[in-house]
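Let's take a walk through this structure together, beginning with one helix and working outward from there. Have the sequence and the 3D view ready as you read.

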Amino acid sequence: MGFWKNLFSSSDSSSSFSQIAEYEGYEVGGEESVSLNSRPSSSNNGRIFFSTDRDIDLYELEELCSAVGWSRRPLRKVKKAIQHSFLVVSMWQIRGNQRRLIGFARATSDHAFNATLWDVVVHPDFQSKGMGKALMKFIIKKLRSDDISNITLFADPHVVDFYRNLGFISDPEGIKGMFWYPD
């Protein structure tokens with residue numbers, strides 16, 4: 001509960017993040033705007049940056065999703081989903097003059113109370129290194145800065161513990177999700 005309490009009780013004086021923020025361990029640098037090519041790589045792994053820019057190469061995004069075993073989706077629908085999302089966050093590795101999409105998440109929202117996270121994905125080469133946690137902290141902090149207080153998501157069984165360790169709980173107060181699918 002400490003993770004959520006920290007996010008929900010923070011009184012950030014800065015109400016918005018810069019378009020691009022650098023990953024620093026688990027902390028998100030939100031005060032400094034950094035252009036993608038402004039700093040040389042300081043290690044073999046390069047630098048990690050977050051962006052809220054929606055102009056994402058859909059083929060690169062689908063390659064990322066394919067790398068974790070997700071089925072291909074029609075690009076026109078992926079484009080539409082991104083366009084109609086409340087928030088889109090991408091995570092990039094920068095090495096020299098090259099950038100690589102290594103993570104992605106988006107949220108839909110009613111713009112007042114609720115948001116639902118979708119398409120949270122981190123490339124397998126960057127899993128178990130704190131990158132997924134950093135991506136989640138970044139998107140949650142952005143949603144909280146927009147005064148969204150209820151954040152939900154749907155999780156495959158093999159990642160439930162990941163989200164649980166971030167403070168998400170299954171079926172709070174006995175609430176059960178319900179779904180309707182066409183026949």
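At the start of α2, Asp57 points a side-chain oxygen toward the backbone nitrogen of Tyr59, reaching to within 2.8 Å of it. This is a predicted model, and a good way to get to know it is to follow α2 a little further.

Which residues of α2 are buried? They are Leu58, Leu61, Glu62, Leu64 and Cys65. Looking down the axis of α2, you would find these buried residues within an arc of 155°, so they line one face of the helix. That buried side packs against α3, β5 (98–109) and β6. Turn to the face pointing away from the buried side, and you meet the exposed residues Tyr59 and Glu63. Tyr59 is thus a residue you have already met, as the partner of Asp57 at the start of the helix. After α2 comes Gly69, which has a positive phi, near 95°.

Now let's step back to the whole chain. It contains five helices and seven strands, and along the sequence they come in the order α-β-β-β-α-α-β-β-β-α-β-α. The chain has 183 residues, and 39% of them are buried. Of the contacts with a separation of 6 or more, 64% are between residues 24 or more positions apart. The accessible surface amounts to about 11,300 Å², and carbon and sulfur atoms account for 48% of it.

Next, the charged side chains. Side chains of opposite charge can pair when their charged atoms come close. How many salt bridges does the model have? The count is six. One of them joins Asp119 to Arg73, with the closest N and O atoms 3.1 Å apart. Asp119 sits in strand β6 (residues 114–122), while Arg73 belongs to the loop between α2 (58–67) and α3 (75–83), so this pair ties together parts that are 46 residues apart in sequence. Is Asp119 buried or exposed? Its relative accessible area is 17%, so Asp119 counts as buried. Arg73, by contrast, is partly exposed because its relative accessibility is 27%. The two also take part in a wider arrangement: Glu62, Arg73, Arg106 and Asp119 are linked in a network of salt bridges. Glu62 brings us back to α2, where it is one of the buried residues.

Another salt bridge lies within a helix. Arg164 and Asp161 meet through their side chains at 3.0 Å, N to O. Both belong to helix α5, where they are three residues apart, about one turn of the helix. Arg164 is partly exposed, with a relative accessible area of 44%. Further along, Asp171 pairs with Lys176, and their closest N and O atoms are 2.9 Å apart. In this pair, Asp171 is partly exposed at 37% relative accessibility, whereas Lys176 is exposed at 57%.

We can finish on the surface. Which residues make a nonpolar patch there? Trp118, Phe154, Phe179 and Tyr181 do, and the patch covers about 500 Å². Among them, Tyr181 lies in the segment after α5 (160–165). Why does Tyr181 count as exposed? Its relative accessible area is 62%, and exposed means over 50%.

Conventions: Residues numbered from 1 in each chain as written. Predicted model: local features only at pLDDT ≥ 70, side-chain atom pairs only at ≥ 80, totals over all residues. Heavy atoms only, no water. Patch = residues over 30% accessible without salt bridge, like charges linked within 9 Å, V, L, I, M, F, W, Y side chains within 5 Å. Areas by Shrake-Rupley, 256 points an atom, 1.4 Å probe, with all protein chains shown as cover. Salt bridge = Lys/Arg side-chain N within 4 Å of Asp/Glu carboxyl O. Helix = DSSP H or I, 4+ residues; strand = E, 2+ residues; numbered from the N terminus. Buried < 20%, exposed > 50% of the residue type's maximum accessible area, 1.4 Å probe, protein only. Contact = heavy atoms within 4.5 Å. Arc of directions from axis to C-beta. Polar contact = N/O pair within 3.5 Å; in protein donor to acceptor, adjacent residues only side chain to side chain.
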